[in-house]
Structure formats: C-alpha cells, structure tokens
Amino acid sequence: MGEYKIVWRPKARQQYIQQLIYAQQEFGSKTFYKWVESIRDMEDRLRENPKSYTRVLDLASEPREYRGHTVMRNFKIIYTFDNKRRLIKIITIWDMRMDPAKLRRSIR
C-alpha cells in the first residue's frame, strides 16, 4: 500500500528548530541529538502506521482527529492524517506545561 508522506506545517517546523536551538544552548549536544533522534523515530513509525500514537484528549471536541507523540517528557508533537491521500500533517509542537486552551488556538 505504501508509506505515508509527512508534511510539517511551517509553524511546527519553526517550533522544532527553536526547540533544537534551545536544547543545544541550554543542555548541550547530547540533548540536541536526542531530540533529533526522537523525531526521526517518530516519523519512521508514522510513515508505516499513522495511528501509532494516541488521540489528543484535549482536542477531542475538534472536528478533526488529532493524535500526538510525547517527546522529551514535556512536548507533544500534534498531527493529523488523511488515509486517502496517504498524508500526515504535523500541526504543532505543544509544551504540555501550558494551558490546554493555548493548544486549541495553536492548531488553527
């Protein structure tokens, strides 16, 4: 059937880059590479099975189904997928220490 294509929303890509810069500056190369490896592993898993990760309960009332994967304990990569188009869209990186209302605003 083929793998899914992964597309990052520009805002999510920017958030990822900012987190990498912060990790490098504040915690060093080990944390930086841990972030990179974690995201690569997530993408590999998603390409094979977009339902690999759980639904985001804070977004259950939204018309779309949002799923998420926790990275580095405090961040959740939020995504949606389209089976027909074989497409996964990374929507945002949410700092789970923040108010869930901010998450709802960030997906728009």
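1. The sheet in this predicted model is open and has four strands, in the order S1-S4-S3-S2, with mixed pairing. Strands S1 and S2 (67-71) form its edges, each pairing on one side only. From one strand to the next, the twist averages 30°.

2. Two of the pairings may be described individually. S1 and S4 (residues 87-95) pair in the parallel sense over four bridges, and Val7 stands opposite Lys89 in S4. S2 and S3 (residues 75-82), by contrast, pair in the antiparallel sense over five bridges; here Arg67 stands opposite Tyr79 in S3.

3. Edge strand S1 (residues 5-8) has a covered face, made up of Ile6 and Trp8, and an uncovered face, made up of Lys5 and Val7. In a regular strand, side chains alternate between the two faces of the sheet.

4. Helix H1 lies across S1, S3 and S4 and runs at about 50° to S4.

5. H1 (residues 10-27) also packs with helix H2 (residues 29-48), at an angle of about 150° and with the axes 6 Å apart. Because this angle is over 145 degrees, H1 is roughly antiparallel to H2. On the H1 side, the contact is made by Tyr16, Gln19, Leu20, Ala23, Gln24 and Phe27; H2 contributes Ser29, Thr31, Phe32, Trp35, Val36 and Ile39. By class, this contact of H1 with H2 has eight nonpolar residues, four polar residues and no charged ones.

6. As to confidence, the mean pLDDT of the chain is 92, and 99% of its residues reach 70 or more. Among the elements of the chain, S1 has the highest mean pLDDT (97) and helix H3 (residues 100-106) the lowest (80).

Key
Residues are numbered from 1 along each chain as its sequence is written. Side-chain values use heavy atoms; hydrogens and water are left out. Axes are lines fitted to C-alpha atoms, for helices over the stretch in contact, and angles run from 0 to 180 degrees between N-to-C directions. Helices (H or I, at least four residues) and strands (E, at least two) are DSSP runs, numbered from the N terminus. Angles under 35 degrees count as roughly parallel, over 145 as roughly antiparallel, 65 to 115 as roughly perpendicular and the rest as oblique. Contact means heavy atoms within 4.5 Å. Ala, Val, Leu, Ile, Met, Phe, Trp, Tyr, Cys and Pro count as nonpolar, Asp, Glu, Lys and Arg as charged, and the others, Gly among them, as polar. Buried means under 20% relative accessible area, exposed over 50%, partly exposed in between (1.4 Å probe, protein chains only). Two strands pair if DSSP finds at least two bridges between them. pLDDT is the predictor's confidence in each residue, from 0 to 100.
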